[in-house]
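Let's take a walk through this model together, starting with its empty spaces and ending at its ligand. Keep the viewer open as you read.

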Amino acid sequence: MDLNRRDVLIAGLAATAADVAGGTAAAIEGASALQPGLPDLPLLDGRLHLDDRTRAAAADDFGHVVRRMPRGVLRPRTYEDVVSAVRWAAERGRKIAPRGQGHSVYGRAQVAEGIVIEMTPFRTIHDVRSGQAIVGAGATWSDVVAATLPLGRVPPTLTDYLGLSVGGTLAVGGIGSMTSRHGMQSDNVLELDVITGTGEMVTCSPDSHATLFHAVRAGLGQVAVIVRATLKLVPAPLQVRRYLLFYPDLKTMLADQRVLAADERFDAVQGAVLPAPVGWTFRLDAVKQFSDKPPDDTDLLSGLSDDRSRTKPGTLTYIDYLHRLATLEQALRANGQWFHPHPWLTTFVGDAQVEAVVSAELAALTPADLGPYGQIALSAFRRQMVTSPLVRLPADDLCYAFNLIRIPASVETAEADRLVRANRSVYERIRAAGGTLYPVSAFPMSRDDWRRHFGPAWGFLIDAKQEFDPGHVLAPGYETF
Ligand SMILES: Cc1cc2nc3c(=O)[nH]c(=O)nc-3n(C[C@H](O)[C@H](O)[C@H](O)COP(=O)(O)OP(=O)(O)OC[C@H]3O[C@@H](n4cnc5c(N)ncnc54)[C@H](O)[C@@H]3O)c2cc1C
């Protein structure tokens, strides 16, 4: 059953009539999903969905590990709908979870008994100019590049997978192949329109309501719902020359990552450790952008220690490069594993510890721990490029995103649970080695874990929560407060 402004009134009246007639709300067609307490939600222009099917979809995510059933799912039409819903929740001690594309892997966009606000109605490109794009928070990064590339512009940093929402990645940071050059997506946003946990709509930027701006970016949705973002744009190349470089071992690959991070001869470099029939394959994916003349392969590869007999450079259009994960997605959709549990783990490890940490984890991993299509991302980036205060990184100048992309062949809950427990153990080992968490990972975090995670930034987040969401209405799925 879906409800909007008019339907809420009618549903309320119908329920009253049924009660008067000695019946119950369940006697009304579709009314089994009517939830006590929700029909008093203020009148909305959008639709409040109370049916089991919509609520069950919002109780799931890409991880398929955690399930929390909301009382209702709001598909807003206007920002005022979000304001109304947040104020309603704040007054009644209810919880609200914004949901972008639902690619969270551990229930972070879910809320038991509360309201999920879908951001897809704000999947809008408002304006694109040479230096900036104004987009709705529900737009995907794929929508964004589709609008900006025809003008020869692109956001400086894009996630590897473009099917994520702008609001969803700004809430965590947003890391991609360009991070070493340009930082995270949260470092490249000029202005945000947000609705705080008290239901105030505020436009914030480094120069206006700066505290709110800094608490929203990578703030895990704890202080405000992002409804619109002004994104920085830079000139886009037409093509890229791409080099897959193979290495005999971790040590040699890391040595080249250090060289490439220092001399920046490529525009993007990402590392991967792939399961091989015996042991592991170590690979860098290095990319040089160009629009006219392709780069000289020999110059670019000089001094590197890859197995040159395996290197096959190729040229791609820039848009094809940005969509480079589309083939994997299609394969996983075709074999069903896109819909399997995805207990992923992403951490950041400092350069001083990376070889020891990753070697130890590789020694302990079994093929079942990753699954036949799983892999490990291990990509270096320069810490100084990441400036969002709530992104937590190791102290080293060079950091590595170390990402266990687990795609279990089994759909068994017990297997997913085993991998969630394994994530916790890996995280603890990495934390002990000075590493940090990228909070999109699949395992439970206690409040004390979050306190340790945020470290010196914890006080800032607590103060911001107290100021902007004192009722603890927003994004309970992170279990931060
Ligand atoms: C296939 C896949 C590929 C990925 N690739 C990358 C990658 O390359 N780089 C990277 O950094 N991450 C990557 N991630 C992780 C991803 O960035 C996060 O899971 C992100 O939060 C998902 O965005 P979403 O739109 O699906 O958000 P959701 O899962 O819908 O929401 C995630 C969290 O953000 C909050 N949120 C959502 N929208 C808003 C909003 N408008 N305002 C405030 N809070 C909001 C939610 O409440 C929730 O807490 C990937 C995940 C998957 C599944």
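One convention first: Ala, Val, Leu, Ile, Met, Phe, Trp, Tyr, Cys and Pro count as nonpolar, Asp, Glu, Lys and Arg as charged, and the others, Gly among them, as polar. Please also bear in mind that this is a predicted model.

With those classes in hand, look at the second largest cavity, whose lining has seven nonpolar, two polar and one charged residues. Its walls are built from Pro155, Pro156, Leu158, Thr159, Ser177, Met178, Tyr318, Tyr321, Leu322 and Arg324, and its volume is about 50 Å³. In total, there are four cavities of 30 Å³ or more.

The largest cavity holds about 130 Å³ of space. Among the residues that line it are Ser177, Arg181, Gln257, Glu264, Asp267 and Ala380. Six of its lining residues are nonpolar, three polar and three charged. Helix 6 (179-182), helix 8 (250-263) and strand 14 each supply at least two residues of this lining, and the largest share, three residues, comes from helix 8.

Strand 14 leads us on to a sheet. Eight strands make up this open sheet, in the order 16-13-15-14-18-19-17-20, with antiparallel pairing. At its edges are strand 16 (314-317) and strand 20 (436-437), each of which pairs on one side only. Inside the order, strand 14 (residues 268-275) and strand 15 (residues 280-290) are joined by eight antiparallel bridges. One spot to click on is Val273, whose bridge partner in strand 15 is Phe282.

Next come the open spaces. The second largest pocket contains about 160 Å³ of space, and its lining includes Asp60, Asp61, His64, Arg99, His103, Arg333 and Trp338. By class, that lining has three nonpolar, four polar and four charged residues.

Finally, the ligand. Which residues are the closest to it? They are Pro98, Gly100, His103, Ser165 and Tyr438, out of 32 that surround the ligand. The shell divides into 17 nonpolar, 12 polar and three charged residues, with strand 4 (96-99), helix 5 (166-170) and strand 11 (224-232) each supplying at least two.

Backbone atoms take part in several polar contacts here. A backbone N or O atom of Gly100 lies 2.6 Å from a ligand oxygen, and a polar backbone atom of Gly168 is 3.1 Å from an oxygen atom of the ligand. For Ile175, a polar backbone atom is 2.7 Å from a ligand nitrogen. Taken alone, the ligand exposes 960 Å², of which the protein buries 95%.

Note on methods:
Residues are numbered from 1 along each chain as its sequence is written. This is a predicted model: local features need pLDDT of at least 70, side-chain atom pairs count only at pLDDT 80 or more; totals for chains, interfaces and linings use all residues. Side-chain values use heavy atoms; hydrogens and water are left out. A residue is near a molecule or strand if one of its heavy atoms lies within 4 Å of it. A polar contact is a pair of N or O atoms within 3.5 Å; within protein, one must be able to donate a hydrogen and the other to accept it, and residues adjacent in sequence count only if both atoms are side-chain atoms. Accessible areas come from the Shrake-Rupley method with a 1.4 Å probe; for residues, only the protein chains shown count as cover. Helices (H or I, at least four residues) and strands (E, at least two) are DSSP runs, numbered from the N terminus. On a 1 Å grid over the protein atoms alone, a cavity is a set of points where a 1.4 Å probe fits but cannot get out, and a pocket is an open set with protein on both sides within 12 Å along at least five of seven lines; lining residues have an atom within 4 Å of a point. Grid points are joined across faces, edges and corners, and a volume is the space filled by probe spheres set on the points. Two strands pair if DSSP finds at least two bridges between them.
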